[in-house]
Amino acid sequence: GSFIMKKRSSLLSKFALTFIIFAVIIAAVSGVATYFAQMRAYRDMSWNTIEDVGAYMEQLIKQDPDDFLDYTKYYKEHFEEIRIPYDFTEYHTARRQFDEAFAIEYPGLVFKSDITPSEMTDELKLLYYTYRHEYWILTFEEAREAFDLPYTYFLTMKEETWSNVYQIDGERTEDEDHPGYLYLGDEYYEDPATHELLWTTWQTGQKQNDVYEWDNEWGKTYSYYTPLVIHGRKVGLIVAEIDVADLNRGILLNSLSLVLRITGIFFVGILLLLYIINSNYISKIHFLADKIEHYGKTRDPQTITDIRSYSYGNDEIGALAEETANMISEIETHEDELERAAKMKTDFLANMSHEIRTPMNAIIGLDSLALNEPDISDVTRDYLEKIGSSAQHLLSLINDILDMSRIESGRMTLK
């Protein structure tokens with residue numbers, strides 16, 4: 001019984017281990033496949049988004065290209081003055097300041113129709129381009145917020161020094177050196193080998209079917225560069241950047257969560273499956289094997305009834321149990337027949353031995369009397385001695401057969 005229980009436990013353990021390995025493999029493959037699928041999908045979506053932002057900003061700038069060229073030219077010449085910390089926090093505030101100052105300086109004149117920016121006083125130029133500065137700040141900031149990007153900005157390039165100038169972006173500083181105004185116009189060196197896509201886009205003046213992937217203070221970032229060409233001249237690059245570090249971590253956590261959920265579902269399914277296998281198959285096989293082992297040790301005739309009374313069902317195990325019961329029944333029948341045959345053999349040998357001993361005694365006795373006759377010849381005496389010897393040998397064999405019969409019938413004890 002303990003042997004059968006060990007085998008049963010071993011079989012269940014093998015099933016469980018197989019199912020668990022299968023579940024872990026499926027869960028891991030599903031998690032990895034989901035992670036890469038989501039990463040690829042979000043990567044494509046991010047690329048399309050920042051490409052759309054570049055195209056949108058290019059279209060917006062080219063609606064009034066001359067104004068943008070004038071603004072960037074003035075900004076390059078007077079960016080330190082524009083960086084003066086005016087309290088212009090919104091586009092409409094800056095524009096109202098300029099409109100009021102223009103009306104006072106040039107009463108009755110219409111801006112751009114009667115007087116161009118280049119004809120204005122330096123004070124008005126500063127107010128005007130500061131207001132345009134706020135306009136482009138607002139424009140890029142709205143694009144950034146609309147597409148949920150960390151930054152959109154415009155770069156002017158200096159290829160001879162491999163540097164660029166951040167002309168327009170949405171960053172406002174609050175440090176000691178720049179208290180509360182826009183932090184713009186600083187030059188940054190960009191290594192051509194590291195930022196190859198940036199400089200290739202600038203040098204060719206063509207959009208590249210690629211996105212720059214890099215790490216900055218926001219984390220993992222995608223950047224896309226749109227060359228701005230006005231009147232056949234390269235002016236700079238419109239840059240759209242999107243931070244994907246947090247989302248990448250989120251996708252990774254979601255994939256791990258998916259693996260855990262799939263593993264949990266598989267684990268519950270494995271327990272249910274093992275319960276079904278144990279109830280419908282292993283327990284039946286265990287009961288049948290236990291009964292066979294019991295019959296082999298005890299030859300208990302009740303085994304057939306126990307096997308046939310157990311509920312196996314109509315499957316292969318039920319058929320096996322029925323065949324086993326039939327086989328035990330046949331064994332029982334054959335054993336009875338063998339016992340009867342053995343008894344008949346024993347009785348036959350005993351009876352035959354007793355029947356043979358009677359004439360053998362007569363043969364031995366008459367042979368002994370014949371040998372005692374005085375007038376027999378030597379040849380006859382020789383014949384009679386051989387007859388006596390053979391009769392004694394035959395009697396010894398009969399006695400042995402009788403002993404065997406007594407042993408089989410239990411009437412003799414061996415010492």
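**Surface patches, buried positions and backbone geometry**

Glu-81 has a relative accessibility of 32% and therefore counts as partly exposed, the limits of that class being 20% and 50%. The structure in which this value was computed is a predicted model. Glu-81 belongs to helix 2, which covers residues 65-82. Together with Glu-105, Asp-122 and Glu-123, Glu-81 forms a negative patch on the surface.

The protein has 415 residues, of which 36% are classed as buried. Its secondary structure consists of 9 helices and 8 strands. About 25,000 Å² of the protein is exposed, and 57% of this area is supplied by carbon and sulfur atoms. When contacts between residues at least 6 apart in sequence are considered, 65% of them link residues at least 24 apart.

A second patch, nonpolar in character, is made by Leu-17, Ile-21, Ile-25 and Val-29 and has an area of about 380 Å². One of its members, Ile-25, is located in helix 1, which runs over residues 2-61. The relative accessibility of Ile-25 is 49%, so this residue is assigned to the partly exposed class; the exposed class begins over 50%. With 3.6 residues to a turn of an α-helix, residues three or four places apart point the same way.

Helix 5, residues 196-204, contributes several buried side chains, and these are Leu-197, Leu-198, Trp-199, Thr-201 and Trp-202. Immediately after helix 5 comes Gly-205, whose phi is positive at about 70°.

Positive phi values also occur at residues other than glycine. In Lys-112, which is not a glycine, phi is about 75°. Lys-112 sits in the loop that connects helix 3 (91-105) to helix 4 (122-146), and its relative accessibility of 42% makes it partly exposed. Asp-148 likewise is a residue other than glycine with a positive phi, in this case near 55°. The loop that holds Asp-148 lies between helix 4 and strand 1 (151-158). Asp-148 is classed as exposed because its relative accessible area is 64%, and the threshold for that class is over 50%.

Two strand residues were examined individually. Thr-226 is part of strand 7, residues 219-230. Its relative accessible area is 0%, so Thr-226 is buried; the class requires a value under 20%. Apart from neighbours within four places in sequence, the residues in contact with Thr-226 are Gly-54, Ala-55, Glu-58, Lys-207, Gly-236, Leu-237 and Ile-238. Among these contacts, Gly-54, Ala-55 and Glu-58 have numbers that fall in the range of helix 1, residues 2-61.

Asp-215 is located in strand 6, which comprises residues 212-216. With a relative accessibility of 59%, Asp-215 counts as exposed, whereas Thr-226 of strand 7 is buried. Between Asp-215 and Asp-243, which are 28 residues apart along the chain, the C-alpha separation is 9.2 Å.

Key
Residues are numbered from 1 along each chain as its sequence is written. This is a predicted model: local features need pLDDT of at least 70, side-chain atom pairs count only at pLDDT 80 or more; totals for chains, interfaces and linings use all residues. Side-chain values use heavy atoms; hydrogens and water are left out. Helices (H or I, at least four residues) and strands (E, at least two) are DSSP runs, numbered from the N terminus. Buried means under 20% relative accessible area, exposed over 50%, partly exposed in between (1.4 Å probe, protein chains only). Contact means heavy atoms within 4.5 Å. Accessible areas come from the Shrake-Rupley method with a 1.4 Å probe; for residues, only the protein chains shown count as cover. Patches are made of residues with over 30% relative accessible area and no salt bridge: like charges are joined within 9 Å, nonpolar side chains (Val, Leu, Ile, Met, Phe, Trp, Tyr) within 5 Å. A salt bridge is a side-chain nitrogen of Lys or Arg within 4 Å of a carboxyl oxygen of Asp or Glu. Lys and Arg count as positive and Asp and Glu as negative; His and the chain ends are not counted. The place of a charge is taken as NZ of Lys, CZ of Arg, CG of Asp or CD of Glu.
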